[in-house]
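Here are some short exercises on ring geometry and side-chain surroundings. Try each task yourself before you read the solution.

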Amino acid sequence: MATIVTIIVFILFLGAILTGGYNKELMARFRSHWLWDWITTVDHKKIGILYALGGGFFFIFGGIEALLMRMQLFYPNNDFIVGRTFNELLSMHGTTMIFFVAMPLLFALMNVAVPLQIGARDVAFPFLNALGFWLFFAGGLLMNLSWLFGNAPDAGWTNYVPIAANEYSAGTGIDYYVLGLQISGIGTLIGGINFLVTIINMRAPGMSFLRMPLFTWTSFVASALILFGFPPLTAGLFLIMFERLFGANFFDVAAGGNPIIWQHLFWIFGHPEVYIVILPAFGVMSEVISTFSKKRLFGYTSMVFATILIGFLGFMVWAHHMFTVGMGPVANSIFAIATMAIAVPTGIKVFNWLFTMWGGKIRFTTAMLYAVGFIPTFVMGGVTGVMLASPPADYQYHDSYFVVAHFHYVLIGGTVFGVLAGLYYWWPKMFGYTLNEKIGKWNFWLFFIGFHMTFFIQHFIGLFGMPRRVFTYQPEDGLTLINQISTYGAFLMAVASILLVVNIVYSYRHRVPAGNDPWDGRTLEWTISSPAPFYNFAQLPRVRALDAFWHEKMNGRKEMEPAEPLGPIHMPNDTHLPFVMTLGFFVSGLGFVFRSNEVGVLGLIIVILTMFVRSFEKDHGYHVETDEIEKTEKGANA
């Protein structure tokens with residue numbers, strides 16, 4: 001009871017602070033602070049930077065977890081990290097890297113680039129955009145608190161039952177996983193809805209669907225996959241939450257349940273998730289290769305339809321993760337054929353990238369190096385994916401290091417290479433200066449070599465019979481040297497990651513204004529100042545063709561023709577309510593983790609009250625007047 005009273009008093013105090021009822025002078029000073037500006041922002045460009053910072057923050061945790069696992073596997077019969085602790089590292093590394101690193105870093109690029117590429121002044125739902133970020137961050141923070149309180153999740157990133165049931169994983173570890181992913185999943189879902197509506201409704205005049213840049217197209221399809229892919233995961237998480245917290249029996253065979261239900265629900269989400277994180281990377285590569293080859297993207301229309309087809313087929317292949325559970329030869333054959341078929345539209349993309357570079361005036365910037373390195377790396381991941389698509393072969397590869405190697409070739413060789421290419425490419429649009437190219441190339445080569453050292457050899461570790469998720473092996477297995485090479489590669493990737501941070505610091509200290517268009521770009525984001533003004537476009541541009549800005553350049557025009565006269569621009573107000581609502585979810589999650597249903601319900605009450613306040617808030621935004629726009633534009637062009 002004392003705990004509940006304390007929390008209620010704290011919430012009332014916080015509410016008084018946030019509404020200015022406690023100390024108006026103190027509140028006025030706080031609201032003028034830079035921290036308050038970032039907590040309450042609804043500017044999509046700032047939210048993109050927040051996503052990048054959040055993804056980078058969790059990348060540190062995920063990277064350290066990976067290095068600790070590789071250190072344990074450096075010697076046979078090593079006892080550095082064993083048993084449950086190794087399982088916790090394994091589970092947290094996989095979950096963190098997929099949900100709290102890959103996803104937010106891609107959302108960072110989407111927030112920065114997509115509204116600018118379609119000629120919009122903002123996203124469709126700025127409030128939801130801010131709420132999506134804070135929910136993602138709260139979910140990741142909640143899950144990583146498990147390291148502080150002990151009992152981290154230990155059932156693998158797939159969280160298979162019955163291993164994840166109370167009987168086999170006692171304590172609070174799996175609860176952090178279940179509740180953290182539910183909170184962050186809500187944020188991702190509303191983020192996907194926001195981008196779907198933004199791209200459908202807020203394109204500039206003249207920008208038809210088949211004039212949209214490829215990055216916008218891939219973000220659009222990925223958002224659709226989020227819309228249909230996350231609900232099955234949420235349903236599965238609800239089932240396991242009720243089983244762990246309230247004694248339900250959805251997965252208990254003795255009580256009439258079935259553990260295979262969890263596998264189906266997880267992989268109905270899990271395989272589209274692969275395309276959720278790889279499709280935007282495909283879009284980045286398309287933008288980078290086209291820009292630095294000085295050519296229009298070869299086969300643009302086929303690329304668009306290949307993207308849609310990948311999204312469609314992505315929902316038809318989930319059970320290839322389950323070939324060994326006993327579904328039978330008919331089901332296995334159907335999913336095998338669908339899995340092999342999805343290689344066709346992916347192959348179309350690869351050939352179109354190669355043909356785009358063919359005959360082009362290629363400029364090997366750091367972003368272009370990542371794009372060129374991406375192609376053979378991702379193809380290797382795709383080839384091993386087709387190998388895994390054959391059920392008889394999969395019986396041999398399944399749960400071996402061969403699968404680990406395949407997965408990382410797709411997720412790092414695809415998604416992470418795409419994110420790094422996008423960061424180097426759009427960095428001047430985010431901050432107004434470019435990252436140092438010399439340090440950037442060192443960053444690429446160290447990361448590229450370290451990656452292949454780490455994971456190429458893991459194919460052979462798997463073929464030699466080493467299972468995944470094991471913390472040791474025997475000297476007579478003959479796996480010592482190749483495990484050590486893999487560990488050296490992981491540390492080389494860590495050095496490359498540190499070098500990226502060094503590059504950011506060095507480039508900031510020696511920054512030189514990059515100008516509107518440092519790369520001689522092709523799309524609308526390069527028509528405005530760097531960094532972009534808070535209203536994006538003083539006048540909405542009129543789009544006449546694909547690669548709208550390049551089209552104008554080729555016709556002798558240095559600027560886009562405006563589609564409207566200069567006038568006042570309506571913008572949304574900043575708001576603290578997404579942060580408060582997220583605080584409620586976070587309190588609720590902590591309450592249920594520690595089996596305090598009262599605190600869990602209290603957190604949900606905070607969420608409902610915040611929604612109630614938002615529903616009756618008369619916030620109509622504000623207008624940026626013409627003289628302020630002219631002053632801002634004059635300052636940007638000075």
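### Exercise 1: a ring pair between two helices

Phe58 is buried, as its relative accessibility is 0% (buried means under 20% relative accessible area, exposed over 50%, partly exposed in between, with a 1.4 Å probe and protein chains only). Before going on, note that this is a predicted model, where local features need pLDDT of at least 70, side-chain atom pairs count only at pLDDT 80 or more, and totals for chains, interfaces and linings use all residues. Residues are numbered from 1 along each chain as its sequence is written, and side-chain values use heavy atoms, with hydrogens and water left out.

Task: classify the aromatic pair of Phe58 and Phe137 and place both rings in the chain.

Step 1. Recall the rule: rings of Phe, Tyr and Trp (its six-membered ring) pair if their centres lie within 6.5 Å; planes under 30 degrees apart are stacked, over 60 edge-to-face, and the rest tilted. The model has 67 aromatic pairs by this rule.

Step 2. For Phe58 and Phe137, the centres are 5.7 Å apart and the planes make 50 degrees, a tilted pair.

Step 3. Phe58 sits in helix H4 (residues 44-72) and Phe137 in helix H6 (residues 126-149), 79 residues apart. Helices here are DSSP runs (H or I, at least four residues), numbered from the N terminus.

Step 4. Phe137 is partly exposed, because its relative accessibility is 22%.

### Exercise 2: a pair across the chain

Task: find the class of the pair formed by Tyr176 and Phe594.

Step 1. The ring centres lie 6.4 Å apart with the planes at 90 degrees, so this pair is edge-to-face.

Step 2. The pair joins distant parts of the chain: Tyr176 belongs to helix H7 (residues 173-201), while Phe594 is in the loop between helix H19 (577-593) and helix H20 (597-615), 418 residues away.

Step 3. Tyr176 is buried at 0% relative accessibility, whereas Phe594, at 43%, is partly exposed.

### Exercise 3: the surroundings of Ser91

Task: which backbone atoms lie by the polar side-chain atoms of Ser91?

Step 1. Ser91 is in helix H5 (residues 83-117) and counts as buried, because its relative accessibility is 1%.

Step 2. A polar atom of the Ser91 side chain lies 2.7 Å from the backbone oxygen of Asn87. The backbone nitrogen of Ala155 is 3.3 Å from a polar atom of that Ser91 side chain.

Step 3. Beyond its neighbours within four places in sequence, Ser91 is in contact (heavy atoms within 4.5 Å) with Pro153, Asp154, Ala155, Gly156 and Trp157.

Definitions and conventions. Helix = DSSP H or I, 4+ residues; strand = E, 2+ residues; numbered from the N terminus. Polar contact = N/O pair within 3.5 Å; in protein donor to acceptor, adjacent residues only side chain to side chain.
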